[in-house]
Structures are given as C-alpha cells and as structure tokens.
Amino acid sequence: MASSALVSPAFAQSVDPQDDASVVDEIIVTGIRASQEQAVAIKRNETAIVDAISAEDIGKLPDVTVADALQRISGIQITRNAGEGSNVNIRGLPQVVTLLNGEQYLSAGNLGSAQPNLNDIPAQLMNSIVVFKSMDVRNAVSGISGTIDLRTRRPFDFSEGTTSAMNVEYATGEETGENDYLVNGLINWRNDRFGAMLSGVYSESNLGNNYSGISGGLNGNNDWGGDANNWIAPHGYDTFRRVVERERLGVNGAFTWNIEDGVSVTGEAFYTKQTEYNRAAGLNISNRWSSLGWTTPTDFEVTGVNGGNGNPWLDVSEYDLDVWWLNSFTVNRVTDTESKAFNLEMDYDKGGPLTFSARAVYNDASRLSMNGQVQGDLSNWQYSPDRTFTLFRNPADRTRGPFYPANIAAMFPTSQYSNAIVGVNGGRYIDPNPMGIGEDPLVHLNIGGGNTVWSGFDKTISGGLGSVPLSQYMANQDSYAVAAFSSEGNNRANSDLTVARFDGSYEFQNENLFGFITRIDAGLRHSDRNVQISEFHLFSDFYAGNGAASPDGCSAQWKAIDVVMDNPQCAAGEQVPNPSYNPAEPVSATNPVTIFQGYTVNKPTKLNEYNNTYFLSDYGSITQGLPGVWVVDPRDFDDVASFQQRVFGGAYEVIKPGTSYDVGLVEDSFYLNSAIDFGKLTGDVGFKVIRTELTVRQNLTGATRAYGDTNLDTGDTITTRDYMDYLPSANLALAFTDDIKLRFGYNKTMIPLDLGNYGGGLSISTSDSLGPTPEDPTAPPVGVRRVTAASQSGNPNLNPWRSDNFDLSLEYYLGRASLVNIALFKLNIDSFVTNATVPDAVEYPDGDGIIRRKVALSGPVQGAGGKLQGIEVGVKLALTDFLSDDSFFRDFGFDGSYTFSDSSQNAKNLSGDDLPFQDNSEHSVNAAVWYQGDRLQTRVAWTRRTPRLTGIFGQIPIYQDTQQYVDVNVTYDVTDNITVYANGSNVFGEIEEYYVEFEKGAEQFHSRNQFEPRFSVGVRARF
C-alpha cells in the first residue's frame, strides 16, 4: 500500500519554469529537512496565499494516493475509501479545482462532480503539490475555496546525463494478510539542449474493512402516516466484511527541447489506470422494503424536538426487531477508471521584457462501474398472517406462492410442490426453500455502546429443521435459497477536455509603469469539456415462447423469487383454477372458472447452485453476538455481465433515464494582471472574465418499468444557456522585514456545479405494497409496486457556485526550513446548490397504472447564500535553524497545522439552527515529528478532524464522528545510492463512526467502518 517517492538524495530539483512567482534557488533534496525547505521557499516566493508539499514529503509517509499526501497541508480535509485517501476539501468545501502542471485535469474518479477524487493518481509520480488558497488569475481555473496544482517531474529537474531510480515494496494488512506489491521506476536523460524522462508505477493492494450499521436509506416509523412518538426505523441493518482489491498503474513521460536560448518546447503525457474490486459479504436484517413497523424501541431518551406529527423524536439505544427478511448477501462492485492527459507548450523567455507561452492540452477520461450481487434467503417462503411475503396474494388460497411453467416444475420432486393445483399448461406451485425458517425471527439490537451488539439468535424457531435455534438454521447451507440476483446502479462515464491558451508578460525593467507597476500579465484561454454519464441496470429476458406476452420474453432486472410476471407491460404465466369460483353462480368476469397466474422470475435456486460459497463468522471487533452465515464468494461477480449471461442466457443494459445525461461546458476567459511594487508592499492586482456556455441533454422519464427499479425513457430535452462572470483579484504582501510578511487577498471566485445538478432527470422510488390498511388507506393491492417518493436530480437553469473570498495571513520565516504562520479567511458564498424536499409535491401512477397519492419531490435548489470563515495556524520547524552543530536535538523537526473552519448554510436542523456545509469539519489538526540523522530518518504523523456533515434526513443531520489517523515512516540509507524503509499506515486501526443528531447531546448510532492497519517495507536505489 505505502511507498516512497523516487527522488533520491542527490537529485537536483528546480521549480517548474511555468510559474515565475514560484522560482526559488536550486535545492539539493537531502531528506525530510530539505523537502521542508523547499515547501517553505515555495510559500515564501508565491504571490498568492499557498501551501506546498514536496516529493520527499509525498514519499516519506505511507502515501499511496495524492489525497493521502494532501492531508499533510493546513486547511486540507480528506475522506477515505477503503482506508486510502480519495476526496479532498479545502477549508471545508469540496468545490475545488485540480490542475496538472498548471492546467485543468480530468480525474476519472469524479467526471461529473467538482470535488477532487484523486484515488487513482499515484503519489509517486508527483514532484510537488501546490495548494492555492487565494485565487491567482493566471491559473487556468480556480475553485471556490482553493485550487490544487499537481506538478510532475520534467527532464530539466535533473542533472545532465542519465539518471535512473527504482523502488520495490512489499505491503500487507493486519486483517487481510495478503501479499501486496508496488514497483516504480524512473529514467531521465538530458544535455544542455534536450531532455527526456519516463517514470511509472504499478501496484496491487488488498484493503480490508468491516462495516456494521444501517442498510439503505433512513426512515422514520411515521413516515407513511401515524401519530405516535417518532423514531428511526431504517430499511435494515448490514454487517459485512469487505476487501477492496486495487490494481493501479501510472505513467508519466516528458521531453523538453531548448530550440535556442530562451525558446523551448515541452511535451508531456500523463496516464493512469485503476481496476478496483470492491468485494463484500455479510448479513442483512431488514423490513424487505415493505413497511416501517418492524422496529420497537426498548431503551431510549425522549428528545426535546418534534417530528412533523407534533410528537417527539426518540433517541434510541436498543431495539426489538421483528425481522421480516434475514438473508446473507454478497456484493462486488468492479470499477475501471482510465485517464489520459497530453500537453504541448512553447515558452519564450530571452531575458528581455517580453515573455510568453502558448499551450495546447487534451484530456480524456472514462469510468465503468459494474455491480453484482446475490441474496441468500433463510425463509421457507410459506404464508403466515404475521409475515410480509407479498408473493402469497390470493386470500382464498394461501398455498399459492411461487409458480413456474411445466418445464421448470419437472426439475423438482413432487414433494416440493406446494399444492395439487396444475395450470392449463402444466405449471405448478413450488416451495422454493423447504429447509428454511418458518416464521419471522425476533432479535434484539443494542447500539448504545462502542459496538453493535446482537442477541436472540439462540431462540428456537420453527421451519424445515424443526424447532431449533435460529443460529442452527444460519449454520446449515441447505437452509438458504437465492432470493435475488441483480446488477443495478451500474454507471458509465466518458469525458474529454480540449484547451488552447496563450499567456504573456511584459516586465518594466528600466522604469516601473506609473512608478509602481513592475509587470503586466495577460492571457486568453478556450476550453471545451464534454461529459456523458449513463446509469444502467442489467436486465434479462424470461419465458420467451413459454407463456410470455412478448415473443422475446419479458425482461426483468430483479432475478428474484418474489417478482411475479403479471404486470400489463409484459406478462408471463398461464390460467389456473380460480379458488374463489362459485359454481352456483353464472360464469362471468367477476366469477371466472380460471384466473391468470404469473410466473415467478427466478426458479428455486440453492445458494451454491451457480456460485462458490463459504461460511463467514468473523465480522471484526465492531460487531458482537452475531452468528456466522453462508455467503457467496464475491469473486464470482468479478465479471457480472458474463455471470448473468451464463445463468440467464443473456443480459443487457437498460438505462436509468433520471440519472443519465450529457453536459457540454465551453469556457472562454481573459485575464489581465499587474504586479505592483511600493517598496515593502508588493503583490498582484488583476481580474478575469469568463464566459460559460452550457448545453445539457436530459432524458424525459416515463412510467416505472416493470420488474425493475427504473423508468421508461420517453425522449430527450436539450437546454442551452450562457452566463458571464467578472472576477476581480488582489493578492498583496507587506514585508515588515525580510522574514515577516503580512499577506492580504481578495478574490471573487466561480465554479460550475456538479454536472449532475444540471443534467439529472426524474427518478421515481417504489416498494412492494402490503395492501391498504386503516393506517395506510391509499396503498394499492398487495404486491403492486407503490410510488413512495420522487427526485428531480438536475436543473440546467441553476446558477454556479459564486463567492467573495477574503484572506489575511501573517508569516514569520524563522529559517530556511522553519516558518510560523497564522491566516484568517472568510468566504461569503453568494450562490450555491443544496438539496431540498417538498412534501406532497407530485403524483405518479402505482405499478397497476392508478394514481392514488401525492409524494415528496426532492432535488437540487438554489441556495440563498452561506458563510465560511476560520483560522489556519501552521508551524514548520527544523531545529538545525536554531541549534549548534554539537546539539543532539538539532536533527529533529516538526511540521504541523491547525484549521478552524466555521460554516453555515440556509438549511436548518430540528432545533432551527443553521447546518454547516456538507463535508466540513470545524476543527482539523495535522502534526508530524521527524528526525533526520546522517543515515536514519524517521517520522510520525497524526491527523485529526472533528465531526463532518455527511447527509440530511429531513431536518435530521447525519455526521461522521471525530476521526484520527497515525502513520509512521522509518528510512535508512544503506549507502549513498541504496535506501531501505518501513511504513505503517493507520497503525492504531481507526474506526469511523457515523450518527444522526436530533439535537445537541441527542445522537443516535448510524454505522461504523473499521479500517485495518497497513504495513510495508521497501528498498529504493538510484543509478
């Protein structure tokens, strides 16, 4: 997992010539101390307010991804995926732009969103990373709260001649115990005119984590009506073990040709590819998506806030659960991402007043994410008045359950037939799981402590094994039947970006313009970005030529044992005797002799009929009291399309129109900037003008598609609009002395929305109906899919994020590698987008075509404004800057920061208080203590961030609790050319906890993620 960068101690590093403001004296990288010197120098010499991390920093901690490295910078907050850094915030906001060597970069991990997902970018390819916290108008584009510039190596960063290096690493996890490897190498050659470089990295890793908590979305017990006290009644609870396997490849190539003195051409290619297998298996306990009455609080506190019915919310620590569905499950999401970036630029600088550059960039990126899953049901699927099976729909004969045509019925013994009824074509009713449990289990859940504690599995329960403890059924593989196979929520994204830009500067070398303007910068830029997002499910056809209304068969997404093909869109089945027929009455439409019985989609299938299985009993330390279960091996779905084609004879994509869209974004910009000098007061003052043209294709959404979780695509609508932004900028620095600077920044910033906010369409949520009741009178008949909610995820007329940003920073440079700074920042956000839900807003037909009720509509809305303000404190200390050569402590150093980020938006909680911006932690701390001797280097780093808002359920916020990670690195230079090292990542095994907050002090458990500690050893050499 972890790695060290390839920069060897004797490599000369020069700052990228593309940015005059960051040119510093050549630094010979000789370890942690020198890399800290480089970061301090970059900060000191930039005009804008920036922070930086150098190659040595990236490599000396177990930083696999760029996001892992960025968390060492003040104001940066990251979220982790399978324990590795992925998404990045600056000062609490995700509206951040990523640049690659000064130009916009398309990351395959977030093609439709603004927030950087840098999980697929190997940190080993980076030379340095610069984070701009105030806007520099000369940057290609800028984010609302900041901009990340990833800077790779170039040939003239190295000494003349040939330079090569190689790194080999072994890693393993405490839980997974897999053998993981990383290899990276670099070769560079240059003379005084031409240079070429090639570097690459390949790694394989297996990352383990355990999960325990809520499954699916949150619900309240009274969401569908009721006047009792309110409590959280989720769809269910999941407990699973997950291993994420990642194969990551990164390649970076570059050449530079100095055609003549002052004229150079540079070409670059940057490539990343990652394949991820997200394999999970465990146990699901739920309400079968049927109703909300399956939970009974047994230990709770009454809060001081009320629900919509006027009664209080309960903060529950223990539940009794009437388990309507007990099943093992296996999920495997396979994601392939690929990014390519090409850059060609020409630079002109002959030492005169005029310098300029011309640049062309092309990026393309793609992502394909496929999900495969199976549920192993423990129920025997027999009717009982207190069970929720919608399969048994005819009250005149409750033995009529799953029904199959004659050819499938012939595969099973007559003892498995549910009754003696035979259809007109020989179809039979079949018991799908004779050895399963015969009643709904009653279990107890305690979520009030540090672990999820289950009990009640030792109670006896009836079924195919007789009256034995529930745990005995769970241990018997023959008590499981496949409830459903499915492949849903798949997505495909493709994007490309072309850029042409021209930048020039004129420096007044003899006499300043107007006495204080030392340089004028100007630039033009044109960019054209196109994104296509498609979400889809895999459907298969059933019963072609065997009772289906369509000759091709009826298509189904859910290959399930409780999906009956009786929908008018396409029915498959045959006539059977009418149990309610009255021979004393005339035959009529209301008294037919026979009635239609739809076939069940999936035939009775044992868990191991098509799959490899194993017994899972270890859920990690976060779960207690839960017996083991039989699960399918997630590797069976490494290629889910092939699996479904093999099992069902075919599988094809059906899009989800509400979340499939195309967006074209064209930006034309011009900037003018002046460098000013009033003696001790220097800086840049300028402005940028951006014209944005937006073209959005949305799908029109029709009725809910039968036997699946999508809607019919009824056409397209195309919207085109444009808008202008005028963005002034001022970055000023007052030098009280050579070592003390006061910086001020004012910038107006703009960033387009996440593209899904423009392009997403309508999605309709449905669930199986249990039939009308006095409490739920508008429910359709039993088994009909009922509309429960709707979401409109896109609106092309929404305005982009816009903000006025103010920065004030005091910096005290104590030495070449030592710095203390304190910064104040404030963002007045004029426009942003948030999600809102309007109750009783729309109405759509249920599965039988009848409209019965209005439901809530949720979607993005224009925010009325928000605020974000805070303080950053940064300290970098190298004791060599202070102590004499004979002091033992002179080889020690410190690098740390603290950020306070206070935010508010117009969304409110149940108490009426403003909520913070999503994903923002109010407090975050980063601290590293290091030692660098002649040959030995060590570093221990600690990061901590306080709770962050992750979502909102109505007016109830969902937070991730405080999290902290400790990473360790030890490096030893065996010779001047060979180094060995060891890394530890997340050495204390952090557990991420999530909770819902009713009011201050009333917090209820939501879920936990337990990430494994990771350890690695490696050797790197240079030649």
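Select Tyr-417 and Ile-430: Ile-430, in strand E21, is the bridge partner of Tyr-417. Strands here are DSSP runs of type E with at least two residues, helices are runs of type H or I with at least four, and both are numbered from the N terminus. This is a predicted model, in which local features need pLDDT of at least 70 and side-chain atom pairs count only at pLDDT 80 or more, while totals for chains, interfaces and linings use all residues. Residues are numbered from 1 along each chain as its sequence is written, and side-chain values use heavy atoms, with hydrogens and water left out.

Widen the selection to E20 and to E21 (residues 428–430), which pair in the antiparallel sense over two bridges; two strands count as paired if DSSP finds at least two bridges between them. Add E19 to show an open, antiparallel sheet of three strands, ordered E19-E21-E20. Its edge strands, E19 (403–404) and E20 (417–422), each pair on one side only.

Next, select the five strands of another open sheet, with the order E15-E16-E22-E23-E36 and mixed pairing. E15 (295–306) and E36 (623–624) are at the edges with a single partner strand each, so one side of each has no neighbour in the sheet. Within this sheet, go to E22 (residues 442–446) and E23 (residues 452–455), an antiparallel pair with three bridges. Asn-446 lies opposite Val-453 of E23.

Now select helix H6 (residues 640–648), where Val-640, Phe-643, Gln-644, Val-647 and Phe-648 are buried. Buried means under 20% relative accessible area, exposed over 50%, and partly exposed in between (1.4 Å probe, protein chains only). Looking down the axis of H6, the buried residues fall within an arc of 100°, so they line one face of the helix; the arc is taken from the directions from the helix axis to the C-beta atoms. These buried residues pack against strands E18 (354–377), E26 (481–486), E28 (517–542) and E30 (559–560). Just after H6, Gly-649 has a positive phi of about 80°.

Move to Gln-932 in strand E50 (residues 923–932). Gln-932 counts as buried, at 6% relative accessibility. Its side chain reaches the backbone nitrogen of Ile-32 at 3.1 Å and that of Arg-33 at 2.9 Å.

Finish at His-1006, in strand E57 (residues 1002–1011). His-1006 is buried, with a relative accessible area of 14%. Neighbours within four places in sequence aside, His-1006 is in contact (heavy atoms within 4.5 Å) with Gly-213, Ile-214, Leu-218, Ile-958, Tyr-994, Tyr-995 and Val-996.

Methods
Polar contact = N/O pair within 3.5 Å; in protein donor to acceptor, adjacent residues only side chain to side chain.
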